[in-house]
Amino acid sequence: IARIPNPAVLVSLVLFFLFGFSQLAKRRLNHLEQVALASSTSVLVGETAKDVFKWVFGRASPDIWATNNSAATGFQEYQFHWFHGIEPFNSFPSGHMTAITAVTAILWMEYPQFRSIYVVCCLTVAAGLIAFNFHFLGDVIAGALLGAMVGLFVFWSCLEQNSERL
């Protein structure tokens, strides 16, 4: 699954360009369009930050760790391989968890009446990533924290810029 492009990133690119160019053309966005622009921006910023962190930390995936906890090089694979974040050392933080929490952070602030749904969605993604051996628990937690921080930062940046609630 890590090799499959994240569809949230592809949708975010389309929305970012669509609503971003609308903003540049001085077209006033309605409330839902502003939420979509903020959500797509947070996913794209989160994706970029996640790629940098993956390169810096360089942790192997659970699949490599599970195969007798050693690689051909003889290293113990749960550790970080600093500045070697290329395949297979690109598990930390989870990009899928970063993307979902980047969006839900925006939605959490804007539509608080649906918070229980956001929690269920995030926990379902987290459980799936761990249960199907795509990520360690620490990868998922780091992705969730990264996505939440990026989402909240983008949300607050939009608030200050527009001087009204998205």
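These questions and answers cover the cysteines and one helix pair in a predicted model.

Q: How many disulfides does a search of the whole structure find?
A: The search finds 0. Cys121 is in none, and the nearest cysteine sulfur, that of Cys122, is 6.9 Å away.

Q: Why is the sulfur of Cys122 not counted as bonded to that of Cys121?
A: A disulfide needs two cysteine sulfur atoms within 2.5 Å. The sulfur of Cys122 lies 6.9 Å from that of Cys121, its closest cysteine sulfur, so the pair is too far apart for a bond.

Q: What makes Cys122 count as buried or exposed?
A: Buried means under 20% relative accessible area. Cys122 has 12% relative accessibility, so Cys122 is buried.

Q: Why is Cys121 called partly exposed?
A: Partly exposed covers the range between under 20% and over 50%. The relative accessible area of Cys121 is 37%, so the term applies.

Q: How do you know whether H2 and H4 are roughly parallel or roughly antiparallel?
A: The axes of H2 (residues 31-57) and H4 (residues 95-110) cross at roughly 150 degrees. Angles over 145 count as roughly antiparallel. H2 and H4 are therefore roughly antiparallel to each other. Their axes come within 8 Å, and the crossing is right-handed.

Q: Which residues of H2 and H4 meet?
A: From H2, they include His31, Val35, Ala38, Gly46 and Lys54. From H4, they include Gly95, Ala99, Val103, Leu107 and Glu110. By class, this contact has 8 nonpolar, 6 polar and 3 charged residues.

Technical notes:
Residues are numbered from 1 along each chain as its sequence is written. This is a predicted model: local features need pLDDT of at least 70, side-chain atom pairs count only at pLDDT 80 or more; totals for chains, interfaces and linings use all residues. Side-chain values use heavy atoms; hydrogens and water are left out. Buried means under 20% relative accessible area, exposed over 50%, partly exposed in between (1.4 Å probe, protein chains only). Axes are lines fitted to C-alpha atoms, for helices over the stretch in contact, and angles run from 0 to 180 degrees between N-to-C directions. Helices (H or I, at least four residues) and strands (E, at least two) are DSSP runs, numbered from the N terminus. Angles under 35 degrees count as roughly parallel, over 145 as roughly antiparallel, 65 to 115 as roughly perpendicular and the rest as oblique. A crossing is left-handed if the near helix is turned anticlockwise from the far one by less than a right angle, and right-handed if clockwise. Contact means heavy atoms within 4.5 Å. Ala, Val, Leu, Ile, Met, Phe, Trp, Tyr, Cys and Pro count as nonpolar, Asp, Glu, Lys and Arg as charged, and the others, Gly among them, as polar.
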